Amino acid sequence: MTTRCAVFGHRYRFRADGPTMTWTCQRGCAVGGSKSYASAAEARKFATAFDKEDADDLGRRAPLLGMLPLRMARAVRQLRRR
């Protein structure tokens with residue numbers, strides 16, 4: 001385990017290899033694993049669902065008034081992408 005993983009926790013990345021979903025720590029430590037599913041489509045579905053960063057949803061699930069600045073920043077980012 002690296003020092004970053006010990007301090008901040010693991011940063012798992014998920015991918016599907018046929019009917020098997022595998023995960024490894026993005027920070028380079030040796031932690032990871034795999035799980036087999038009935039079909040490749042099912043493994044791909046779960047790998048896609050799990051392979052998300054918390055920053056991707058920053059401001060999306062924020063409370064309306066308490067996190068208004070985050071909601072506004074997210075709206076500005078979305079407008080710039082268009």
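This report describes the sheet, the aromatic residues, the cysteines and one loop residue of a predicted model.

## Sheet and helix packing

Strands of a sheet pair through backbone hydrogen bonds, in either a parallel or an antiparallel sense. In this model, 3 strands form an open sheet in the order β1-β2-β3, and their pairing is antiparallel. β1 (12-17) and β3 are the edge strands, each of them pairing on one side only. Between neighbouring strands of the sheet the average turn is 20 degrees, with direction ignored.

The antiparallel pairing of β1 with β2 extends over 6 bridges. One of the bridge partners can be named: Asp17 is matched by Thr20 in β2. Helix α2, which covers residues 40-50, packs on this sheet and touches β1 and β2. The direction of α2 makes about 165 degrees with that of β1.

## Aromatic residues

A pair of aromatic rings is described by the distance between the centres and the angle between the planes. The model contains 5 aromatic pairs. Among them is the pair of Phe14 and Trp23, with 6.0 Å from centre to centre and 40 degrees between the planes. This pair is classed as tilted because its angle is neither under 30 degrees nor over 60.

Phe14 is buried, its relative accessible area being 19%, whereas Trp23 is partly exposed at 22%. The two values fall on either side of the 20% limit below which a residue counts as buried, and the two residues are therefore classed differently. Both residues belong to one aromatic cluster, which is formed by Tyr12, Phe14, Trp23, Tyr37, Phe46 and Phe50.

## Cysteines

The structure holds 0 disulfides. For Cys29, the closest cysteine sulfur is that of Cys25, at 3.5 Å. A disulfide requires the two sulfur atoms to lie within 2.5 Å, so the sulfurs of Cys29 and Cys25 are too far apart for a bond.

Both cysteines of this unbonded pair are buried. The relative accessible area is 6% for Cys25 and 10% for Cys29.

## Arg27 in the β2-β3 loop

Arg27 is placed in the loop that lies between β2 (20-25) and β3 (32-36). Despite this loop position, Arg27 is buried, with a relative accessible area of 17%.

When neighbours within four places in sequence are left aside, the contacts of Arg27 are Thr2, Arg4, Cys5, Phe8, Gly9, His10 and Arg11.

Methods
Residues are numbered from 1 along each chain as its sequence is written. This is a predicted model: local features need pLDDT of at least 70, side-chain atom pairs count only at pLDDT 80 or more; totals for chains, interfaces and linings use all residues. Side-chain values use heavy atoms; hydrogens and water are left out. Buried means under 20% relative accessible area, exposed over 50%, partly exposed in between (1.4 Å probe, protein chains only). Rings of Phe, Tyr and Trp (its six-membered ring) pair if their centres lie within 6.5 Å; planes under 30 degrees apart count as stacked, over 60 as edge-to-face and the rest as tilted. Helices (H or I, at least four residues) and strands (E, at least two) are DSSP runs, numbered from the N terminus. Contact means heavy atoms within 4.5 Å. Two strands pair if DSSP finds at least two bridges between them. Axes are lines fitted to C-alpha atoms, for helices over the stretch in contact, and angles run from 0 to 180 degrees between N-to-C directions.
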